[in-house]
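Reader: I have a new structure to look at and would like to start with the empty spaces inside. Can you put it up?

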Amino acid sequence: MKLQDNVRFVRGIGPKKAELLGRLGIVTLEDAVQCYPRGYEDRTHITPIRHLLDGEKQCVHAVVGTPPQTAHIRRGMDVTRCTVYDESGALTLRFFNHKYAAAALETGKEYAFYGKVQAEGRGFVMLSPEFEPVGADDRTGRVLPVYPLTAGLYQRDLYRVTDAALAAVPDDLPDFLPKAIREQQGFAPIRDALAGIHRPQDMRQAQQARRRMVFEEFFLLSCGMGFLRARRSGKSGAQLRDLSLNAFYRALPFSLTGAQMRAIEACTLDIAAGRPLSRLIQGDVGSGKTMVAAALCYLAAKNGRQAVMMAPTELLAQQHMQTLAPLLQKLGVSCGLLVGSMGAKQKRETVQAIEAGEVSVVIGTHAVLGDTVQFHDLAVAIVDEQHRFGVNQRATLTAKGENVHLLVMSATPIPRTLALLLYGDLDVSVIDELPPGRQKIKTYAVGETMRQRIDRFIDKQCAEGGQVYVVCPLVGDGESGRTSAESAAERLSGVLPHRRVALVHGRTRAAEKEQIMADFAAGNIDILVSTTVIEVGVNVPNATLMVVEDGDCFGLSQLHQLRGRVGRGKRQSYCVFYGADRGADARERLKTLVHTNDGFVIAQKDLEMRGAGDFFGTRQHGLPPMKLADLAGDTRVLEQARRAADALLADDPELVREPELRARVEKLFAQYGEGSFN
Ligand code: ADP
Ligand code: MG
């Protein structure tokens, strides 16, 4: 087969599996080559049961002692148990919602089991292990790649397509990494690296191959960032002569915090210096970033120019409109809203008003990016919740005017050094101070034993007129005991039939999602069950309780973001994280959130505690999706790649001598242009 061939022609795949593979972005064998394992299981070592360690993934060879027993724990949750033993001792296996395990395991037969081991009572349990009969196959006793999956796909399917893909890699596969860099870094030829990453002989080989691939990703990213930076530097910024904000400050219903003032001053200094403003405002949830944006909108209008503010959802855009329009109108500045759901006529009128310059400040969703939207004289572009947009969406926005000043705002705290690397083309201001008088959110890390009490607490919050968010890690069928949003919504509707429960998740249609969010904001829904779609800036001051199922599945920063959805009103608010009973690690992580409310401290902690974490889950930053690179763990490689890219670009800014590389950079930056909203 050839790399361009469709995966459905691979033996044992067929159209149905091919469709599932398509969901992972694998259509051709070439895609399969680039679908890297998300980790490895080192099964080269078999541990006697007596020597198992708490909290680690290990491999044992053991005989099934008792027939597996399945018990129905609660709605949507079956647990299958069985005991296995080797010469050194006995071990309990526990599977969640995997009745097939019961059917597959034969009493008296020896299997290799691989899974996470936890101390329990006087012995150990292995949680949802993978298993296969000893000697049946050569998969145990090796380093096994672990591929990303989607429902209906199994590791063996990924082995099939990657086997076929590796066989199809030609000897002369082009390598876009310049030879000099390859040699300097000591990288193996691309073909060996691909074999090493997919089928390593040992962990060392896997790590070496991985390092090369991670380097590649960062290198491409750095080259792209370098392009963007080069495009902006050397230009001068839109001229705004009158930078006095006194009238603006007087019109505000409160005085700004010192941190807000500093951020605004940093912006006006850039503008005064004649540079194009290119600044990231980082501030914890609720720190009042919107006011910084408002100040810049005001300045644009005051100088007879236009400003645009783009938010990732309609609800957010509408909320911005509600806060900013009255304030700015008081100052004689006209505002207009532009969102996808507006009627055609209204949209046309708004677009015309924008083009005629009748509207000074435009607030909207990505609808403002549309080709038909042309500004009379755009001077300031603001991107709210930057991590929901791609880098080139912000480029599209600034391209709607000449020398446009750009302000991007993000609530995802990033340690400063990393922010500088990631937002290589931006300056950074930090708002590290909350407006006065905020209540502290009471946070609890709990386990399953608290379930009934928390349910009653949810009910009580509703009874007192508050509203509740319940966030779950996934949609669809629960895997290994995790709670899906559907099952949580169903369960809560059963337990609290007198409460209005609604469900939103990534597969909910956009229009319906907006409607539900609006209903929730209007108080027509008591309990909103969702996946992390509600993570972004939504402001429902009446929401007083955030419950997160399986809190151990999330990054700390993400949990902190979720917590920021409550505590926005006058009432005492609460946050409950389930998952504190999932081992010492999970408990310690969740306790961090109980003990601190400082997003930067939490980000730092997250960085320290997570190995291959998704702290920098790339969707969070509007960066191209990283296949492998872990922005927290791989900072050294990131720095090396960035240096290499900078050196190369300094020498050959348009990459004329590296056409392969240039093509790859362009492809990468074109691909992730669509806004990501999971
Ligand atoms: P975020 O940084 O999360 O975007 P917002 O800009 O939405 O935060 O502000 C959160 C809330 O705090 C809003 O209701 C806003 O009106 C209020 N706020 C902002 N700045 C101040 C301030 N200096 N004093 C009092 N309240 C403020
Ligand atoms: Mg905000």
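Reader: Which helix gives the most to the lining of the second largest cavity?
Author: This is a predicted model. In it, helix α16, residues 485-495, gives the most to that lining, with three residues.

Reader: What residues line the second largest cavity, then?
Author: The lining is made up of R74, R75, R451, T483, S487, A488, R491 and E549. By type, five of the lining residues are charged, two are polar and one is nonpolar.

Reader: How much space lies in that second largest cavity?
Author: About 50 Å³. A search of the whole structure turns up four cavities of 30 Å³ or more.

Reader: On to pockets. What volume does the second largest pocket have?
Author: About 1200 Å³. The second largest pocket is lined by 43 residues, and the closest to its centre are G286, G288, R438, N539 and R568. Two or more lining residues come from each of α10 (289-302), α11 and α18 (556-563).

Reader: Which element has the largest share of that lining?
Author: Helix α11, with six residues. Across the lining of the second largest pocket, 19 residues are polar, 14 nonpolar and 10 charged.

Reader: Back to α11 itself. Where is E314 placed, and is E314 buried or exposed?
Author: E314 belongs to helix α11, which covers residues 314-330. E314 is buried.

Reader: What is the nearest side chain of opposite charge to E314?
Author: K347, which is 7.4 Å away, and E314 has no salt bridge. The side chain of E314 does make a polar contact with the side chain of S341, at 2.7 Å.

Conventions:
Residues are numbered from 1 along each chain as its sequence is written. Chains are lettered from A and ligands numbered from 1 in the order in which they are written. This is a predicted model: local features need pLDDT of at least 70, side-chain atom pairs count only at pLDDT 80 or more; totals for chains, interfaces and linings use all residues. Side-chain values use heavy atoms; hydrogens and water are left out. On a 1 Å grid over the protein atoms alone, a cavity is a set of points where a 1.4 Å probe fits but cannot get out, and a pocket is an open set with protein on both sides within 12 Å along at least five of seven lines; lining residues have an atom within 4 Å of a point. Grid points are joined across faces, edges and corners, and a volume is the space filled by probe spheres set on the points. Helices (H or I, at least four residues) and strands (E, at least two) are DSSP runs, numbered from the N terminus. Ala, Val, Leu, Ile, Met, Phe, Trp, Tyr, Cys and Pro count as nonpolar, Asp, Glu, Lys and Arg as charged, and the others, Gly among them, as polar. Buried means under 20% relative accessible area, exposed over 50%, partly exposed in between (1.4 Å probe, protein chains only). Lys and Arg count as positive and Asp and Glu as negative; His and the chain ends are not counted. A salt bridge is a side-chain nitrogen of Lys or Arg within 4 Å of a carboxyl oxygen of Asp or Glu. A polar contact is a pair of N or O atoms within 3.5 Å; within protein, one must be able to donate a hydrogen and the other to accept it, and residues adjacent in sequence count only if both atoms are side-chain atoms.
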